[in-house]
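I opened this model to look up a handful of positions and then the chain as a whole. My notes follow in the order in which I made them.

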Amino acid sequence: MSNFIPVCEPFLDGREREYVEKTIRDGWISSSGEYINEFEKKFAQYMGVKNAITTNNGTTALHLALAALKIGPGDEVIIPDFTMIATAFSVCYTGAKPVFVDADLLTWNMDVSKIEEKVTAKTKAIMCVHIYGHPCDMESLKSIAKKHNLFLIEDAAEVHGATFNSEKCGTIGEVGCFSLFANKIITTGEGGMVITNDDHLAERCRYLKNLSFPLRGPREYIHEEIGFNYRMSNVIAAIGAAQVEKMDFYIQKRKEVEKIYQEKLKNVPGILFQKKISGSDPICWMVSITVDEKKYGRSRNELMDILKENGIESRKFFYPMHRQPALKNFGCDINGSYPNSIQLSETGLYLPSATNLAEEKIDRVSCVIQKHQK
Ligand SMILES: *Cc1c(COP(=O)(O)O)cnc(C)c1O
């Protein structure tokens with residue numbers, strides 16, 4: 001269908017082709033090459049942080065951060081129940097257990113008032129997720145982490161460039177992890193980044209991500225720790241180096257997309273947007289809404305079917321962690337009470353959100369939503 005509107009498309013608007021062609025012309029296509037350093041340097045500069053370490057995706061960025069902090073079997077890591085599965089899986093890879101906290105219904109982020117009841121003697125870290133581009137309450141999270149002597153890890157996969165109290169998300173905890181997947185704010189197709197101001201932690205990340213080859217000295221093929229191959233290739237980094245040059249532009253464009261939707265949908269009863277917390281300057285990862293069936297007259301699923309019939313792709317919100325079969329089999333808590341997380345997963349969807357989505361398409365989507373309200 002030529003009129004089909006996909007939920008997201010990557011937007012490669014800068015010098016991507018030029019940089020990629022250079023890697024191929026020069027033959028530097030492995031993880032050695034100038035664009036790795038350049039991308040890391042530019043990303044660190046943008047975030048205002050001392051160290052940025054590329055990885056091959058966002059999931060491995062999270063695992064690498066946890067491994068570098070020496071989190072492992074017997075430990076517990078607190079995560080939101082309402083998140084993308086990679087948050088939980090990265091904890092599982094270390095042998096530690098993810099412990100879930102219910103969401104807040106207005107911000108859709110982890111409800112910080114429900115964290116402390118989940119802290120045990122085994123808890124080593126809180127991994128917060130800035131869901132759909134909205135910063136968590138980092139002030140509360142920092143004070144809880146400090147009080148219980150826990151690491152604060154930011155899953156910043158969806159939040160490139162957003163701030164809390166003027167600090168960039170991903171730089172507020174010990175370590176922040178980004179995804180560069182095709183639908184994220186900047187993308188390399190597949191890719192990830194770990195950022196930290198802690199030089200020692202950064203060294204550990206660089207060491208572990210390269211199969212624990214010693215960082216200095218001659219190559220002797222002697223490895224002191226179990227490491228991983230989470231390296232990014234120079235070809236991919238070339239795309240990243242071009243993307244990061246235009247980060248502010250991409251952020252601005254998506255904000256504009258969201259603003260147009262908000263304007264057009266503001267009078268449709270039962271269509272609700274995410275609420276930002278005070279002190280935060282969110283970005284828009286995906287234009288996300290929840291459907292209040294009583295007010296809108298139709299369920300989320302009905303609305304998604306109608307959108308589909310009109311050639312418009314949409315996506316359901318994430319499915320609660322405590323209901324994931326894989327995590328249940330891993331021994332995670334499935335009996336706890338997570339009503340808000342369930343409600344979000346049953347009523348939420350995201351709308352077409354591409355960075356360069358034309359206003360006329362946003363108009364078409366909004367009209368379909370408006371017209372089918374009962
Ligand atoms: C996208 C995403 C990830 C994983 O990133 P990949 O690059 O797809 O591995 C992790 N956490 C959250 C919250 C995400 O949205």
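I began with Tyr221, which I found in the loop between α6 and α7. This is a predicted model, so I take each value below as computed from predicted coordinates. Tyr221 has a positive phi of about 60 degrees although it is not a glycine, and I noted beside this entry that most residues other than glycine have a negative phi. I then looked up its accessibility: Tyr221 has a relative accessible area of 58% and is therefore exposed, the cut-off being over 50%.

I went on to Leu211, which is found in the loop between α6 (199-209) and α7 (234-245). Leu211, not a glycine either, has a positive phi of about 55 degrees. Its relative accessibility is 36%, so I entered Leu211 as partly exposed.

Next I turned to the loop between β10 (271-273) and β11 (280-281), where Gly279 has its place. Gly279 is partly exposed, with a relative accessible area of 40%. Not counting residues up to four places away in sequence, I listed Thr163, Phe164, Asn165 and Ser166 as the residues that Gly279 touches. For Ser166 I also looked up the C-alpha separation from Gly279, which is 7.7 Å, although the two residues are 113 residues apart along the chain.

Lys276 also lies in the loop between β10 and β11. With a relative accessible area of 52%, Lys276 is exposed. When residues up to four places away in sequence are not counted, Lys276 touches His134 and Pro282. I added the pair of Lys276 and Trp108, which are 168 residues apart along the chain and whose C-alpha atoms are separated by 9.4 Å.

Is His322 buried or exposed? I entered His322 as buried, because its relative accessibility is 7% and the cut-off for buried is under 20%. His322 lies in the loop between β13 (315-316) and α11 (325-329). Leaving aside neighbours within four places in sequence, I noted contacts of His322 with Asp81, Phe100, Asp333, Ile334, Tyr338 and Ile342.

Phe100 came up again when I looked at Gly336, since these two residues are 236 residues apart in sequence and 8.6 Å apart in space, C-alpha to C-alpha. Gly336 lies in the loop between α11 and α12 (339-347). At 25% relative accessibility, I recorded Gly336 as partly exposed.

I then searched for disulfides, and the structure holds zero of them. Cys92 is in no disulfide, and the nearest cysteine sulfur, that of Cys332, is 5.3 Å away. Cys92 is buried, with a relative accessible area of 12%. Why is the sulfur of Cys128 not bonded to that of Cys136? The sulfur of Cys136 is the closest cysteine sulfur to that of Cys128, but the distance is 4.4 Å, which is too far for a bond because a disulfide needs the two sulfur atoms within 2.5 Å. Cys128 has a relative accessibility of 0%, so I entered this residue as buried.

My last entries concern the protein as a whole. I noted 13 helices and 14 strands in its secondary structure. The radius of gyration is 21 Å, and I judged this to agree with a compact globule, because a globule of 374 residues would have a value near 21 Å. I also wrote down the span of the C-alpha trace along its principal axes, which is about 70 × 55 × 35 Å.

Of the 374 residues in the protein, 55% are buried. I looked up how far along the chain the contacts reach, and among those between residues at least 6 apart in sequence, 71% join residues at least 24 apart. The protein exposes about 16,500 Å², of which carbon and sulfur atoms supply 49%. For the charges I entered 46 positive and 48 negative, with mean positions that are 2 Å apart.

Conventions: Residues are numbered from 1 along each chain as its sequence is written. This is a predicted model: local features need pLDDT of at least 70, side-chain atom pairs count only at pLDDT 80 or more; totals for chains, interfaces and linings use all residues. Side-chain values use heavy atoms; hydrogens and water are left out. Helices (H or I, at least four residues) and strands (E, at least two) are DSSP runs, numbered from the N terminus. Buried means under 20% relative accessible area, exposed over 50%, partly exposed in between (1.4 Å probe, protein chains only). Contact means heavy atoms within 4.5 Å. The radius of gyration is taken over C-alpha atoms; the globule rule is 2.2 Å times the number of residues to the power 0.38. Accessible areas come from the Shrake-Rupley method with a 1.4 Å probe; for residues, only the protein chains shown count as cover. Lys and Arg count as positive and Asp and Glu as negative; His and the chain ends are not counted. The place of a charge is taken as NZ of Lys, CZ of Arg, CG of Asp or CD of Glu.
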